[in-house]
Amino acid sequence: MTIPGGGAYAVGDRVRVRTVDPGHHTRVPRYVRGQSGVIVGEHGRWPLPDDRARGIEPPRVETVYIVRFGAADLWGEGDHTVAVDLWESYLEPT
């Protein structure tokens with residue numbers, strides 16, 4: 001299902017979080033870097049906080065996705081899931 005007004009991904013798409021380790025601010029939590037998850041929704045388009053923190057004007061505006069991960073995949077245990085909001089440039093298709 002394509003998300004109206006959304007970006008490159010649709011609900012149900014599997015994605016991997018890029019393994020970035022920039023020398024500046026990023027909103028990518030370390031515990032999801034390199035992990036695969038599933039798009040379960042989106043929050044529309046928002047300015048990229050990495051650009052804002054670095055004083056880049058205007059900041060890039062990207063779709064923010066809700067990505068669901070299995071807790072066992074992230075931490076080696078747990079039968080629940082974790083949802084993380086991630087900007088489009090933090091993701092890549094799997």
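**Close-up 1. Trp-75, a partly exposed ring, and its partner Tyr-31.** In this predicted model, Trp-75 has a relative accessibility of 45%, so it counts as partly exposed. Tyr-31 also falls in the partly exposed class, with 37% relative accessibility. The structure holds three aromatic pairs. One of them is edge-to-face, joining Tyr-9 and Tyr-65, and gets its own view below. As for Tyr-31 and Trp-75, their ring centres sit 5.5 Å apart with the planes at 35 degrees, so this pair is tilted. Tyr-31 comes from the loop between β1 and β2 (36-47), while Trp-75 belongs to helix α2 (residues 71-75), so the pair ties together parts 44 residues apart in sequence.

**Close-up 2. Tyr-9 meets Tyr-65 edge-to-face.** Here the ring planes make an angle of 75 degrees, and the distance is 5.5 Å centre to centre. Tyr-9 is in the segment before β1 (14-17) and Tyr-65 is in strand β3 (residues 61-70), so we're looking at a link between distant parts of the chain, 56 residues apart. Both tyrosines, Tyr-9 and Tyr-65, are buried.

**Close-up 3. An open sheet of five strands.** Read across the sheet, the order goes β4-β3-β2-β1-β5, with antiparallel pairing. At the edges you'll find β4 (81-87) and β5 (91-93), each pairing on one side only. Ignoring direction, neighbouring strands of this sheet are turned by 40 degrees against each other on average.

**Close-up 4. Where β1 meets the edge strand β5.** Three bridges join β1 and β5 in the antiparallel sense. Zoom in on Arg-16 and you'll see its bridge partner in β5, Glu-92.

Key:
Residues numbered from 1 in each chain as written. Predicted model: local features only at pLDDT ≥ 70, side-chain atom pairs only at ≥ 80, totals over all residues. Heavy atoms only, no water. Phe/Tyr/Trp six-rings, centres within 6.5 Å; stacked < 30°, edge-to-face > 60°. Helix = DSSP H or I, 4+ residues; strand = E, 2+ residues; numbered from the N terminus. Buried < 20%, exposed > 50% of the residue type's maximum accessible area, 1.4 Å probe, protein only. Pairing = 2+ DSSP bridges. Axes fitted to C-alpha atoms, helices over the stretch in contact; angles between N-to-C directions.
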